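Dear colleague,

I am handing over the structure below, and I would like you to keep it open while you read the notes that follow it.

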Amino acid sequence: MSLPSLFDPFQLRGVRLRNRVVMAPMVSDYATEDGEVTLRLISYYGERADGGVGLITIEATAITRNGRLGANQLGIWDDGQLHGLRYLTERVHGTGAKVAVQLHHAGRQSSFGARTGADLVAPSPIPSPTLPLSKPRELAAAEIRALVQDFARAARRAVAAGFDAVELHAAHGYLLNQFLSPFSNYRADEYGGSLEGRLRFPLEVLAAVREAVGPDFPVGLRISADEHVPGGHTLAESAVIARRLVESGADFIHVSAGVPGGHAPPEGPGDDPSSTVLLARGVKQVLTVNGLRAPVIAVGHVLRPAVARKIIETGTADLVAIGRALLADPLWVRKAAAGLEDEIRVCSGCRDCIHHERGCPPPSKTPRPQAP
Ligand SMILES: Cc1cc2nc3c(=O)[nH]c(=O)nc-3n(C[C@H](O)[C@H](O)[C@H](O)COP(=O)(O)O)c2cc1C
Ligand code: SF4
């Protein structure tokens with residue numbers, strides 16, 4: 001049997017990807033203050049789709065106005081936003097790429113909410129370590145059930161807008177992750193306590209989203225497989241979470257790491273798979289041992305094509321997501337596929353695009369309130 005290659009097509013349920021490179025979701029802040037698509041946003045994604053990416057994942061996209069991370073975050077909470085989202089999916093489809101959207105609620109991590117005094121909600125009334133003066137309030141069970149329906153409505157809009165898949169953002173300390181983690185969930189009711197309790201809200205969201213989009217539409221989740229914070233998840237618990245999610249109908253697991261307030265693992269020169277990529281291998285192994293075949297997406301400091309190729313050829317993961325390297329060079333995939341690696345404008349891993357204005361090089365060094 002021949003080794004899989006980075007540039008082989010990949011079947012994600014009914015969706016055929018032209019290769020195994022995924023654009024990692026990255027908040028651009030290019031939307032309007034009403035969360036609507038702008039021409040700048042369309043051309044930003046269009047450029048990366050022209051550049052050969054197989055699956056573009058549109059950035060964390062707010063499912064409610066209140067759940068926004070920032071003022072110019074893209075939104076999918078209102079039917080009025082569909083028009084722009086349709087233009088976006090058409091632009092990407094015109095290149096031969098497929099396009100997913102990441103559904104997001106920031107919960108206690110809404111820096112916009114903390115700044116403007118908006119109602120900040122969370123599983124438990126504990127501020128994020130990065131927003132220590134904020135006052136999140138504990139969601140009532142009825143409100144949690146209403147949020148499940150907000151996710152489902154957003155997913156229905158994603159289908160109507162022409163997206164090929166949805167990814168639920170259950171990583172990086174946002175609302176779904178807040179419920180999953182003993183670091184942020186201190187509830188004593190059915191939505192907290194044991195792992196089963198902490199899984200309840202994400203599983204209810206998954207079930208409602210599945211019902212909204214139908215059985216054949218790909219639905220996956222992004223998780224922080226190691227939260228890198230005392231009291232948070234490590235791979236052992238996250239692998240169980242991934243297994244439960246797949247057993248409950250998730251079509252793919254996108255393995256990221258870290259939550260705000262934790263420590264980011266050191267990033268080397270980028271010649272070898274990073275520690276975050278190796279978490280994906282751990283998740284994949286646990287799924288395989290349990291007879292589960294859902295694809296796993298690896299991400300994290302994949303800067304050079306050789307590393308991306310190795311991840312696929314060694315079976316470390318099924319798909320590889322690339323973030324900053326695509327900010328630095330939108331043509332990364334096309335150049336890699338043509339053997340023009342020396343012409344790639346290589347991301348240095350400086351992280352300026354995380355801590356400052358988006359873009360590479362960042363247009364300004366105005367500090368952002370928090371990293372995504
Ligand atoms: C500017 C920027 C914005 C980001 N926004 C998101 C986001 O919206 N959703 C998400 O899950 N991760 C987000 N991330 C994390 C990336 O998806 C990715 O996991 C991370 O950058 C590591 O991959 P890389 O080394 O290839 O960049 C963001 C990262 C950057 C640099
Ligand atoms: S700003 Fe730095 S980390 Fe971000 S894409 Fe550019 S070189 Fe890479």
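Please bear in mind that this is a predicted model. A search for enclosed spaces in it gives two cavities of 30 Å³ or more.

The largest cavity holds about 50 Å³ of space, and among the 13 residues that line it, Arg 108, Gly 173, Phe 183, Ser 184 and Val 259 lie nearest its centre. Sorted by class, the lining of this largest cavity has four nonpolar, seven polar and two charged residues.

The second largest cavity, with about 40 Å³ of space, is lined by Ala 170, Asn 177, Leu 180, Ile 223, Ser 224, His 233, Ser 238 and Ile 241. Helix H5 (175-180), E9 and H7 are the elements that each give two or more residues to this lining, which by class has four nonpolar, four polar and no charged residues.

E9 also leads to the next part of the picture, since strand E9 (residues 219-224) runs parallel to E10 and is joined to it by five bridges, with Leu 221 standing opposite Ile 253 in E10. Between these two strands the chain passes through helix H7 (residues 235-247), in a β-α-β crossover that is right-handed.

E10 also pairs in the parallel sense with strand E11 (residues 296-298), over three bridges, and here His 254 stands opposite Ile 297. The chain goes from E10 to E11 through helix H8 (residues 275-289), and this β-α-β crossover is right-handed.

Is strand E10 (residues 252-256) mostly covered or uncovered? Five of its five residues are buried, with Phe 252, His 254 and Ser 256 on one side and Ile 253 and Val 255 on the other.

With best wishes

Note on methods: Residues are numbered from 1 along each chain as its sequence is written. Chains are lettered from A and ligands numbered from 1 in the order in which they are written. This is a predicted model: local features need pLDDT of at least 70, side-chain atom pairs count only at pLDDT 80 or more; totals for chains, interfaces and linings use all residues. Side-chain values use heavy atoms; hydrogens and water are left out. Buried means under 20% relative accessible area, exposed over 50%, partly exposed in between (1.4 Å probe, protein chains only). Helices (H or I, at least four residues) and strands (E, at least two) are DSSP runs, numbered from the N terminus. Two strands pair if DSSP finds at least two bridges between them. A crossover is right-handed if, with the strands pointing away from the viewer, the path from the first strand over the helix to the second runs clockwise. On a 1 Å grid over the protein atoms alone, a cavity is a set of points where a 1.4 Å probe fits but cannot get out, and a pocket is an open set with protein on both sides within 12 Å along at least five of seven lines; lining residues have an atom within 4 Å of a point. Grid points are joined across faces, edges and corners, and a volume is the space filled by probe spheres set on the points. Ala, Val, Leu, Ile, Met, Phe, Trp, Tyr, Cys and Pro count as nonpolar, Asp, Glu, Lys and Arg as charged, and the others, Gly among them, as polar.
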